[in-house]
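The following paragraphs lead through the structure in two stages, beginning with charged contacts and ending with one helix and its surroundings.

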Amino acid sequence: MEQAANIVKLIKDFFWDNILLYLLCGTGIYFTVRLRFIQLRKFGAGIRQMFSGFSLKGKKADHRGMSSFQALTTAIAAQVGTGNITGCATALVSGGPGAIFWMWVSAFFGMATIYSEAVLAQKFRTVQGGQITGGPIYYIRAAFRGRFGRILSTFFSIALILALGFMGNMVQSNSIGSAFKNAFGIHPFVTGVVVAVIAGFIFLGGIKRLASVTEKLVPVMAAFYIVGCLIIIAINHEMVGTAFQQIFVLAFQPQAMAGGVAGVTVRQAMRYGIARGLFSNEAGMGSTPHAHALAKVEKPEDQGYIAMIGVFIDTFIVLTLTALVILTSGMLSSGGTATTLAQMAFNQAFGSFGNIFVAICMLFFAFSTIIGWYFFGEVNIRALFGRKAVPVYGCIVALFVLVGSVLKVDLVWNLSDLFNGLMALPNLIALLALSGLVSRISRGRQSAADAERYPDDPRVQNLMQQK
């Protein structure tokens, strides 16, 4: 088992470091230029559009989809996960403080990529079983007609189901189990049973229950974590200036000042910062379009603006706060890694409550990701096998959540990372193939040829007009 895990890790590292990293960044830069820096021009529009569907009483999702705010919170539920704590800590240990600068760079360009994903998800959404659905599987088929498109879209769906629905959710539940064992001494199996039962209850409720949970859970978990981080940063306020100095200086001169990680090069800072940033905000991965496809908006680009806000929240707010907590605590040079480093940073300010705080945040972050990733997998299960397969899929995911909480296998971790990358390939290929259409939609200049080649599904319009 250990040998297999090492082999998969070698393959995964080579694929991410030498192919996917450049493809993801290149795609983001390409769309940024082609869409004329849309992440800057339409950032304000995204903020306004995000809250247009917000209601204190909540708006029920139905067969016609969900509100823009619900779609965003479902996407953020998947984006803001354990990677925002452990992934940030890993990037700092491996790439030094300068890695955070490159996280910001990848997120900036990733905002243009995720805009394009959301626009295409809206454009090519369809109706299945009387319910609106959408995602990369549909715009991949639109980009490449015939056998090649079917093979490419099927490959994407299978990779996503394995990476997120099954193996990815094992990773998330294991993080919850480990955090609660360290903080409260609760056996991971007990935690796993509770998490699996609650998750199964939400799964069985379909899109209505899922949207209702995410629109309430995501704001609460974000506020809880942000407030906690701000308190620590306020306590360590004298080190904030030094932390930002480290981030900017060490991004280009890793050994220029104290506080760097010994032996780190500029290439390592770039590699770990960009990789962890993209892995966290999921721009270009093909996951979040499943949520954005269901938003009830007038124009596809409206949801594209909102999708950009998801990346901003994930990286520029949550990941940055985690980095500042670690850097201002002075724990980076302590020798701690991943979750241990994060716990040490929070303990430095909160004392023994730090472990409890991290455990609660891990629960929020990981559980919300389980819900989001389950939903993304469900869309592809429906597309491949039909509605009858959904209950079976839900039961399998709940079982994987339970098993993952007690079984830490490096092979599963590495396979999850590998398939996460593999599912991005067909998604990025389709995005680039449809980049001209995205540009024309964004400028309001769709042609008659576009309407003929990429017709809107009339069933979607009929459903949206229903009261």
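In this predicted model, the side chains of K9 and D13 form a salt bridge, with N and O 2.8 Å apart. Both residues belong to helix α1, which covers residues 2–34, and because they are 4 residues apart in that helix, about one helical turn separates them. K9 is partly exposed, its relative accessible area being 38%.

A second contact of this kind joins the side chains of K12 and D417, at an N to O distance of 3.7 Å. Here the partners come from separate helices: K12 lies in α1 and D417 in α18 (residues 410–433), so the salt bridge ties together parts of the chain that are 405 residues apart in sequence. K12 and D417 are both buried. The two contacts described so far are connected, since K9, K12, D13 and D417 are linked in a network of salt bridges.

Helix α1 also takes part in a salt bridge between D17 and R271, whose closest N and O atoms are 2.6 Å apart. This pair, too, links distant parts of the chain: R271 is in helix α12 (residues 266–281), D17 is in α1, and their positions lie 254 residues apart in the numbering. The two partners fall into separate classes of accessibility. R271 is partly exposed, with a relative accessible area of 22%, whereas D17, at 15%, counts as buried because the limit for that class is under 20%. In total, the structure holds 6 salt bridges.

Attention now turns to helix α9, which spans residues 188–204. It has 17 residues, and its first and last C-alpha atoms are 24 Å apart, close to the 24 Å expected at 1.5 Å a residue. How are the buried residues of α9 arranged when seen down its axis? The buried residues are P188, T191, G192, V195, A196, A199, G200, I202 and F203. Viewed along the axis, they fall within an arc of 155 degrees, so they line one face of the helix. These buried residues pack against four helices: α8 (146–184), α10 (206–235), α16 (353–385) and α17 (390–406). Following α9 is G206, which has a positive phi near 70 degrees.

The face of α9 turned away from the buried side carries the exposed residues V197, F201 and L204. V197 has a relative accessibility of 54% and therefore counts as exposed, the class that begins over 50%. Its C-alpha atom is separated by 33 Å from that of T320, a residue 123 positions away along the chain.

V197 is also one of the residues of a nonpolar patch on the surface, together with F184, I186, F189, V190, V193, V194, I198, L399, V403, V406 and L407. The accessible area of the patch is about 960 Å². Helices α9 and α17 each supply at least two of its residues, and α9 gives the most, with 6. From α17 comes, among others, L399, which is partly exposed at a relative accessible area of 49%. Helix α17 thus appears in both descriptions of α9: the buried residues of α9 pack against it, and it contributes to the nonpolar patch alongside α9.

Technical notes:
Residues numbered from 1 in each chain as written. Predicted model: local features only at pLDDT ≥ 70, side-chain atom pairs only at ≥ 80, totals over all residues. Heavy atoms only, no water. Salt bridge = Lys/Arg side-chain N within 4 Å of Asp/Glu carboxyl O. Buried < 20%, exposed > 50% of the residue type's maximum accessible area, 1.4 Å probe, protein only. Expected span 1.5 Å × (residues − 1). Arc of directions from axis to C-beta. Contact = heavy atoms within 4.5 Å. Patch = residues over 30% accessible without salt bridge, like charges linked within 9 Å, V, L, I, M, F, W, Y side chains within 5 Å. Areas by Shrake-Rupley, 256 points an atom, 1.4 Å probe, with all protein chains shown as cover.
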